[in-house]
Amino acid sequence: MNLQPLAQKTLRVSSRYARVRVLLVVLLTLAACRGQSDRAQVEAVLEKLESAEQTGDFNAYAALWAHDKSAELEKMRAYFRARPDVRYRATTTFIQGDQAVLLVKGASEFASMTLRREAGQWKVQNQLWRNTAPDPNSVYALLPPGPGAFQRAKSPWEQVSPAMDASQAARLGWNMKAVFDESYLYIRIESSTELPSPGSTIEKPPSGWPVLKIDTSDAGEFVLHDEVDVGDQATFDEHGRANSHRPFAAYSVRLERNHQEVYSASADLHPSPLVEVAGRNYEIRIPLRAMGILDSRATKITTGDAQWPKSAVLSIAVQRYPR
């Protein structure tokens, strides 16, 4: 029996697999280098911001911001002064495509900073200062994932069972549905009356539904504040004095764990990818990674009013939407 052809065939197959392995290693290495390069570039923006503020170089400072912030920044020029004591340190860096989030520690304050890539350069889009350190998982709310399976299926809420029967919902004036997929926990509060759209003029905010508690099998327990507040939009005269005020609907959510904020989001004069209000429905999307859930396939989620498990109103096992 001549084994030479078989040996040659085996050698060719082995050589082909070896080339594939080499290609995979090269691609993974390039991806890792790109990730490291982006991280270094994003954190370099923070270093340049620190330097510009220390020296009082307004032009260098303004050049680090996104183009659509130019007019807003120009109003600061007359007040910009050198602050040699400014110190910034990135505590968390999260990059997703052409967007990034930096959690920053200053001398006595903390900031959540969002950035985006413009013409190949990272630019600051927004920053929010606070007195306490933000939760590291808040980056997944500031830069949420793409649509999960439920959203990709056009959010078929008609397939999700309501938390209460019709008679109880009619008595309370609202009902609730909840479902989760690989990316989000979706909660929809269904009001018996039309809800004012975010940013619309109101006199009194709608209410009636409770603060919610969320229990997960692998990430612990959370509290979700789901509120509607009255915002104030003012106009100003040529002297900078407010000459009119308009009350508007401001929807907000705040996720807490152990009495500490994980993240907050709002839909008011500006839209939010995590809060949407249309007609009678107040929809909330909670990124699972913001709760520390990395793989939802074995996750179990229960939600109810804040008195759960001794619920005064409701407690339901959240449905899992199939991928």
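Q: What is the strand order in the open sheet of 6 strands, and how do the strands pair?
A: Strands of a sheet pair through backbone hydrogen bonds, either parallel or antiparallel. In this predicted model, the order is E10-E9-E8-E7-E13-E14. The pairing is antiparallel.

Q: Which strands stand at the edges of this sheet?
A: Look for strands with a single partner strand. Here they are strand E10 (260-267) and strand E14 (315-317), so one side of each is left without a neighbour in the sheet. From one strand to the next, the twist averages 25 degrees.

Q: How many bridges join strand E13 to E14?
A: Go down the pair and count. Strand E13 (residues 301-305) is joined to E14 by 3 bridges, and the two run antiparallel. Thr302 has its bridge partner in E14, namely Ala317.

Q: Where is His225 found, and is His225 buried or exposed?
A: Locate the residue, then check its relative accessibility. His225 belongs to strand E8 (residues 220-236), one of the strands in the sheet of 6. The cut-off for buried is under 20%. His225 has 16% relative accessibility, so it counts as buried.

Q: Which side chain does His225 join through a polar contact?
A: That of Glu256, at 3.5 Å.

Q: Which residues does His225 touch, not counting those up to four places away in sequence?
A: Glu256 appears here too, together with Val211, Ser252, Val253 and Arg254.

Q: What is the order of the open sheet of 4 strands?
A: Read it as before. The order is E1-E2-E3-E4, again with antiparallel pairing. Strand E1 (89-96) and strand E4 (121-130) are the edge strands, each pairing on one side only. On average, neighbouring strands of this sheet are turned by 20 degrees against each other, direction ignored.

Q: How many bridges join strand E2 to strand E3?
A: There are 7 bridges between E2 (residues 99-105) and E3 (residues 110-118), and these strands run antiparallel. One residue to find on screen is Leu102, whose bridge partner in E3 is Met113.

Q: How many residues does the largest nonpolar core have, and which have the most contacts inside it?
A: Find the core, then its best-connected members. This core has 54 residues. Leu185, Ile187, Ile214, Tyr282 and Ile286 have the most contacts inside it. Apart from it lies another core, of 21 residues, including Val42, Val86, Leu102 and Ala111. Leu102 thus links back to the sheet of 4 strands, where it bridges to Met113 in E3.

Q: Which residues is Ile286 in contact with, leaving aside neighbours within four places in sequence?
A: Ser183, Tyr184, Leu185 and Ile187 are among them. So are Ile214, Leu224, Leu255, Tyr263 and Met291.

Q: What is the place of Glu53, and is Glu53 buried or exposed?
A: Do not judge by residue type; check the area. Glu53 sits in helix H1 (residues 4-55). Its relative accessible area is 5%, so Glu53 is buried. Beyond neighbours within four places in sequence, Glu53 is in contact with Tyr61, Phe80, Arg81, Ala82, Arg83, Val86 and Tyr88. Val86 is also listed in the core of 21 residues.

Q: What does the secondary structure of the protein come to?
A: Zoom out for the totals. The protein has 6 helices and 15 strands. Of its 323 residues, 39% count as buried.

Q: What area does the protein expose, and what do carbon and sulfur atoms supply?
A: About 18600 Å² is exposed, with 52% of it from carbon and sulfur atoms.

Q: Which share of contacts between residues at least 6 apart in sequence joins residues at least 24 apart?
A: That share is 57%.

Definitions and conventions: Residues numbered from 1 in each chain as written. Predicted model: local features only at pLDDT ≥ 70, side-chain atom pairs only at ≥ 80, totals over all residues. Heavy atoms only, no water. Core = buried A, V, L, I, M, F, W, Y, C linked by side-chain atoms within 4.5 Å. Buried < 20%, exposed > 50% of the residue type's maximum accessible area, 1.4 Å probe, protein only. Contact = heavy atoms within 4.5 Å. Areas by Shrake-Rupley, 256 points an atom, 1.4 Å probe, with all protein chains shown as cover. Pairing = 2+ DSSP bridges. Axes fitted to C-alpha atoms, helices over the stretch in contact; angles between N-to-C directions. Polar contact = N/O pair within 3.5 Å; in protein donor to acceptor, adjacent residues only side chain to side chain.
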